[in-house]
Amino acid sequence: MIHPSRLQGMGVALITPFKQDESIDYDALIRMVDYLLKNNADYLCVLGTTAETPTLTDEEKKRIKEIVTERVNGKIPIILGVGGNNTRAIIQQLKSDDFTGVDGILSVAPYYNKPSQEGIYQHYKAIAETTDLPIILYNVPGRTGVNMTASTTLRIAGDFKNVIAIKEASGNISQMDDIIKNKPSNFEVISGDDGIAFPLITLGAIGVISVIGNAFPREFSRMTRLALQGDFTNALKIHHRFTELFDLLFIDGNPAGVKSMLNAMGMIENKLRLPLVPTRITTFEAIRKVLNELNIKC
């Protein structure tokens, strides 16, 4: 079982590169993994929101998992997205799928159904009792339509030893601080937003599952490591260098922003699958301008 300490630093929410015909660009995927391994990503989060997972077939998801686990080959942990709003389907997936090479799962709070806090608790209880895999909760009310409160998070963390962390993307700093303050010792908080990774680490979070890390793994992992070491002055300097990109990254949705960034860097085609579309030209040009100003060597 992966220890929560191995989730310290910068995990990367890995994108899925597409060719112009919308088929998966597996060669680009391998290049992305190699790039992240070379440039200090601490772990990879595979088949999450940033991967456009809802638009992938089961066969494509299986192939992506196989390619990434083979390429990583145990060098860093791999966290696999296994979540949804049908609890029974998740349980079936956990029982039937092959999780070779996977160190833990990231499971988003049920979306669209808008369950009560008790419903959220029972959902995660069923998942935790089905698998021995370490589980990272994922609270992102802007996407799910329901906020998992601090009390619910702490209740789950206290009751199930294989629930080891939460990716918190509620945007509510006081809620996150409440979790950090009252959590069990074997449970950690991870930022789900690049823009608040630095302040959240100063409060006691152990890092971030990053979108911008796809493009700038070396710089952003350095920021998280400096912050974790207590060197807030130098970490803040890096944080401020990226402030404008944080806004541009999500103005036209995720992963449109980071894909346009990677395209400007010459790494992938600027292609998404409907219903997602690339960033507007104005956003793309603004991203290109900031990239030139940053002059970060990739």
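**Exercise 1. Determine which residue of β7 is the bridge partner of Glu168, and describe the surroundings of strand β6.**

Solution. In β7, Glu168 has Ser191 as its bridge partner. The model is a predicted one, in which local features need pLDDT of at least 70, side-chain atom pairs count only at pLDDT 80 or more, and totals for chains, interfaces and linings use all residues. Residues are numbered from 1 along each chain as its sequence is written, and side-chain values use heavy atoms, with hydrogens and water left out.

Step 1. Strands (E, at least two residues) and helices (H or I, at least four) are DSSP runs, numbered from the N terminus. Strand β6 comprises residues 163-168, and strand β7 comprises residues 188-191.

Step 2. Two strands pair if DSSP finds at least two bridges between them. β6 and β7 run parallel and are joined by 4 bridges.

Step 3. Strand β5 (residues 135-139) also runs parallel to β6, through 5 bridges. Here Tyr138 has Lys167 of β6 as its bridge partner.

Step 4. Of the 6 residues of β6, 6 are buried (buried means under 20% relative accessible area, exposed over 50%, partly exposed in between, with a 1.4 Å probe and protein chains only).

**Exercise 2. State how the side chains of strand β4 are directed and which strand pairs with β4 through Gly81 and Leu106.**

Solution. Step 1. In a regular strand, side chains alternate between the two faces of the sheet. In β4 (residues 104-108), Gly104, Leu106 and Val108 point one way, whereas Ile105 and Ser107 point the other way.

Step 2. All of these residues are buried.

Step 3. Strand β3 (residues 78-81) pairs with β4 in the parallel sense over 3 bridges. Gly81 has Leu106 in β4 as its bridge partner.

**Exercise 3. Characterise the packing of helix α6 against α7 and against α4.**

Solution. Step 1. Axes are lines fitted to C-alpha atoms, for helices over the stretch in contact, and angles run from 0 to 180 degrees between N-to-C directions. Helix α6 (residues 150-159) packs on helix α7 (residues 173-182) at about 30°, with the axes 9 Å apart. α6 is therefore roughly parallel to α7 (angles under 35 degrees count as roughly parallel, over 145 as roughly antiparallel, 65 to 115 as roughly perpendicular and the rest as oblique).

Step 2. Contact means heavy atoms within 4.5 Å. Ala150, Thr153 and Leu154 of α6 meet Gln175, Asp178, Ile179 and Asn182 of α7. By class, this contact has 3 nonpolar, 3 polar and 1 charged residues (Ala, Val, Leu, Ile, Met, Phe, Trp, Tyr, Cys and Pro count as nonpolar, Asp, Glu, Lys and Arg as charged, and the others, Gly among them, as polar).

Step 3. The axes of helix α4 (residues 117-128) and α6 come within 10 Å and cross at roughly 25°. These two helices are therefore roughly parallel to each other.

Step 4. From α4, the contact uses Gln117, Glu118, Ile120, Tyr121 and Tyr124; from α6, Thr152, Arg155, Ile156 and Asp159. These residues divide into 4 nonpolar, 2 polar and 3 charged.

**Exercise 4. Decide whether Leu47 is buried or exposed, and identify what Leu47 touches.**

Solution. Step 1. Leu47 lies in the loop between β2 (43-46) and α2 (58-72).

Step 2. Leu47 has a relative accessible area of 9% and is therefore buried.

Step 3. Not counting residues up to four places away in sequence, Leu47 touches Thr53, Leu56, Lys61, Ile64, Leu80 and Gly81.
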